[in-house]
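Reader: I would like to go through this model feature by feature. Please give the general idea each time, then the case at hand.

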Amino acid sequence: MDKLSPLAVSAAEAARLLGVSRPTLYQYIGRDDFPSFRVGNRVLVSVAGLQGWIDQQTAAKAGAG
């Protein structure tokens with residue numbers, strides 16, 4: 001049986017994946033374009049959305065140069 005990859009990760013795991021501190025991640029969570037959502041009291045970050053967000057940030061930087 002194939003192991004399923006997570007669809008969403010905790011804020012702490014998203015911070016680790018991005019290589020930023022949790023306070024920095026929570027600044028991103030406050031942005032409208034960041035792929036986070038709430039389930040009850042938990043803040044989760046979409047893994048696919050996070051990859052798309054990273055791609056957008058990279059493209060924006062490349063376009064600004």
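**Salt bridges, strands and core**

Author: This is a predicted model. We can start at the surface: R16 is exposed, with a relative accessible area of 55%. Its salt-bridge partner, E13, is partly exposed at 28%.

Reader: How many salt bridges does the structure hold?

Author: There are 2 salt bridges. In one of them the side chains of E13 and R16 meet, at 2.7 Å from N to O. Another joins the side chains of R31 and D33, at 2.9 Å from N to O.

Reader: Why are E13 and R16 separated by about one helical turn?

Author: Because they lie 3 residues apart in helix α1, the separation is about one helical turn.

Reader: And R31 and D33: what is the relative accessible area of each?

Author: R31 has a relative accessibility of 34%, which counts as partly exposed. D33 is partly exposed too, with 36%.

Reader: Now the strands. What should I keep in mind about side chains in a strand?

Author: In a regular strand, side chains alternate between the two faces of the sheet. As for pairing here, strand β1 (residues 8-10) is joined to β3 by 3 bridges, and the two run antiparallel. Strand β2 (residues 36-39) is also antiparallel to β3, with 4 bridges between them.

Reader: Which residues of β3 are the partners of V9 and V39?

Author: V9 has V45 as its bridge partner in β3. V39 stands opposite R42.

Reader: What links β2 to β3 in their hairpin?

Author: The hairpin has 2 residues between the strands, and G40 takes a positive phi near 65°.

Reader: Is β3 mostly covered or mostly open?

Author: β3 is mostly covered, with 4 of its 5 residues buried.

Reader: Next, the interior. Which residues make up the largest nonpolar core?

Author: The largest nonpolar core has 11 residues: V9, A11, A14, A15, L25, I29, F34, V43, V45, L50 and W53. The elements that give two or more residues to this core are α1 (11-18), α2 (22-29), β3 (42-46) and α3 (47-64). Among contributors, α1 gives the most, with 3 residues. V9 and V45, the bridge partners, both belong to this core.

Reader: To follow one core residue outward, what does A15 touch beyond its sequence neighbours?

Author: Leaving aside residues up to four places away in sequence, A15 touches V20, S21, R22 and L25. Of these contacts, L25 is also listed in the largest nonpolar core.

Terms used. Residues numbered from 1 in each chain as written. Predicted model: local features only at pLDDT ≥ 70, side-chain atom pairs only at ≥ 80, totals over all residues. Heavy atoms only, no water. Core = buried A, V, L, I, M, F, W, Y, C linked by side-chain atoms within 4.5 Å. Buried < 20%, exposed > 50% of the residue type's maximum accessible area, 1.4 Å probe, protein only. Contact = heavy atoms within 4.5 Å. Pairing = 2+ DSSP bridges. Salt bridge = Lys/Arg side-chain N within 4 Å of Asp/Glu carboxyl O.
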